[in-house]
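Here are a few friendly notes to read alongside the model. Take them in any order, with the viewer open.

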Amino acid sequence: MTLKTAWITGATSGFGAATVERFVAGGWRVIASGRRIERLQQLVARHGAERVHAAAFDVRDEAAMRATHADLPHAFAGIDLLVNNAGLALGTAPAQRADLAQWKQMIDTNVTALVTLTHLLLPQLIERRGAIVNISSIAGSYPYMGGNVYGGTKAFVSQFTQNLRTDLHGTGVRVTSVEPGMAETEFTLVRTGGDQAASDQLYAGVQPITADDIADTVWWIANLPPHLNVNRVEMMPVNQSAAGLQVHRG
Ligand code: NDP
Ligand code: 8X3
């Protein structure tokens with residue numbers, strides 16, 4: 001039997017790591033990418049080199065991305081599913097106090113790298129009538145204090161997904177945007193520069209989305225019958241909802 005192959009970015013932590021586990025358990029091969037090579041090697045040690053290929057590179061490094069693609073082992077070279085998950089938020093300051101370098105890193109990672117890998121894999125995804133699942137966020141739809149560029153990158157991801165879907169009309173390629181709300185991963189640790197107390201405080205008493213919840217959602221989307229396309233999935237913990245507008249009286 002020919003196994004299907006998924007390329008999952010951001011596989012060293014959170015949603016990506018859980019999605020690797022879900023797809024390997026479901027019988028797929030996985031190309032697992034991220035910068036932290038030791039975590040990728042642990043995945044290979046756990047599941048075997050015939051099921052997981054570790055691709056350690058920074059997604060902002062286009063040359064490394066292309067070299068990784070060109071050097072894929074034969075068994076992993078036919079990609080059926082791209083899960084564009086690698087991403088990050090940096091900082092919670094309002095725009096007027098934000099760090100420009102952090103803004104640029106978010107754009108380079110969440111937007112530029114995502115479109116670069118998508119562009120690279122599109123020919124073979126079309127050839128194999130494959131699928132793309134882009135991990136966006138509710139931050140792309142709902143403004144909140146300090147969301148500024150992070151929310152902007154995710155609005156891009158959501159709209160790019162829907163535009164891809166239109167361009168790919170008739171190819172059989174399925175395209176989905178997954179837009180989660182609050183989920184407990186390393187996300188807040190990264191956003192706050194390693195502040196574990198701030199991360200714990202954010203999630204305390206909320207029962208946030210888990211990485212496994214997202215992995216199960218991606219698995220469901222990718223394994224629907226080929227005539228069905230889930231355009232977008234917006235999901236929140238029950239304990240999170242949208243609130244109203246603000247008014248300043250001068
Ligand atoms: P984590 O911080 O746990 O995981 C982020 C992953 O992205 C890591 O595997 C990290 O790998 C990878 N990554 C980040 N920067 C780079 C880079 N330059 N090159 C390669 N890989 C990179 O967070 P989540 O699992 O929560 O985040 C996954 C996605 O989900 C992100 O796109 C995030 O924006 C989105 N999201 C998260 C939500 C949440 O509340 N947690 C809600 C909605 C969306 P490494 O550091 O090893 O390179
Ligand atoms: C992560 C969700 O609400 O923290 O994308 O921005 S949120």
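1. Please keep in mind throughout that this is a predicted model. I begin with the smaller of my two ligand notes and then work outwards to the rest of the fold.

2. Ligand 2 has a polar side-chain atom of Y144 lying 2.5 Å from one of its oxygen atoms. An N or O atom in the side chain of S137 is likewise 2.5 Å from an oxygen atom of ligand 2, and for a polar side-chain atom of Y150 the distance to a ligand 2 oxygen is 2.6 Å. On its own, ligand 2 has 250 Å² of accessible area, and the protein covers 83% of it.

3. Which residues surround ligand 2? They are S137, I138, A139, Y144, Y150, F187 and R191. Sorted by class, this shell has 5 nonpolar, 1 polar and 1 charged residues.

4. Ligand 1 is surrounded by 30 residues, and the closest of them are T12, S13, R35, Y150 and T185. Y150 is worth a click, as it is also listed in the surroundings of ligand 2. The shell of ligand 1 divides into 12 nonpolar, 12 polar and 6 charged residues.

5. For the polar pairs at ligand 1, I would look at the side chain of T185, where an N or O atom is 2.6 Å from a ligand oxygen. The backbone takes part too: a polar backbone atom of G10 is 3.0 Å from an oxygen atom of ligand 1, and a polar backbone atom of A183 is also 3.0 Å from a ligand 1 oxygen. Of the 880 Å² that ligand 1 exposes when taken alone, the protein buries 96%. Helix 1, helix 5 (148-167) and helix 6 (187-191) are the elements that give two or more residues to this shell.

6. S13, one of the residues closest to ligand 1, sits in the loop between strand 1 and helix 1. Is S13 buried or exposed? Its relative accessible area is 15%, so S13 counts as buried. Setting aside residues up to four places away in sequence, S13 touches R36, R39 and E186.

7. Turning to the interior, the largest nonpolar core has 33 residues, and V20, F23, A32, L81 and I135 have the most contacts inside it. At least two residues each come from strand 1 (5-9), helix 1 (14-25), strand 2 (29-34), helix 2 (37-47), strand 4 (81-84), strand 5 (131-135), helix 8 (211-222) and strand 7 (232-235). Helix 8 supplies the largest share, with 7 residues.

8. L81 is a good place to explore that core. Apart from its neighbours within four places in sequence, L81 is in contact with T5, A6, W7, F23, W28, L125, A131, I132, V133 and A222. There is also a second, separate core of 24 residues, which includes A55, L72, F76 and L117.

9. Helix 4 (100-127) deserves a look along its length. The C-alpha atoms of L100 and L120 are 20 residues apart along the chain and separated by 28 Å. L100 lies in this helix and counts as exposed because its relative accessibility is 52%.

10. T118 is also in helix 4, but its relative accessibility is 1%, so it counts as buried. What does the side chain of T118 do there? It makes a polar contact of 2.9 Å with the side chain of N84, and a polar atom of the T118 side chain lies 2.7 Å from the backbone oxygen of L114. Not counting residues up to four places away in sequence, T118 touches L82, N84, I132, F160 and L164.

11. Finally, two backbone angles to check. Most residues other than glycine have a negative phi. R129, which is not a glycine, has a positive phi near 50°; it lies in the loop between helix 4 and strand 5 and counts as exposed, as its relative accessibility is 56%. Q207 is another non-glycine residue with a positive phi, about 55°. Q207 belongs to the loop between helix 7 (196-203) and helix 8, and with a relative accessible area of 69% Q207 is exposed.

Technical notes: Residues are numbered from 1 along each chain as its sequence is written. Chains are lettered from A and ligands numbered from 1 in the order in which they are written. This is a predicted model: local features need pLDDT of at least 70, side-chain atom pairs count only at pLDDT 80 or more; totals for chains, interfaces and linings use all residues. Side-chain values use heavy atoms; hydrogens and water are left out. A nonpolar core is a set of buried Ala, Val, Leu, Ile, Met, Phe, Trp, Tyr and Cys residues joined through side-chain atoms within 4.5 Å. Buried means under 20% relative accessible area, exposed over 50%, partly exposed in between (1.4 Å probe, protein chains only). Helices (H or I, at least four residues) and strands (E, at least two) are DSSP runs, numbered from the N terminus. Contact means heavy atoms within 4.5 Å. A residue is near a molecule or strand if one of its heavy atoms lies within 4 Å of it. A polar contact is a pair of N or O atoms within 3.5 Å; within protein, one must be able to donate a hydrogen and the other to accept it, and residues adjacent in sequence count only if both atoms are side-chain atoms. Accessible areas come from the Shrake-Rupley method with a 1.4 Å probe; for residues, only the protein chains shown count as cover. Ala, Val, Leu, Ile, Met, Phe, Trp, Tyr, Cys and Pro count as nonpolar, Asp, Glu, Lys and Arg as charged, and the others, Gly among them, as polar.
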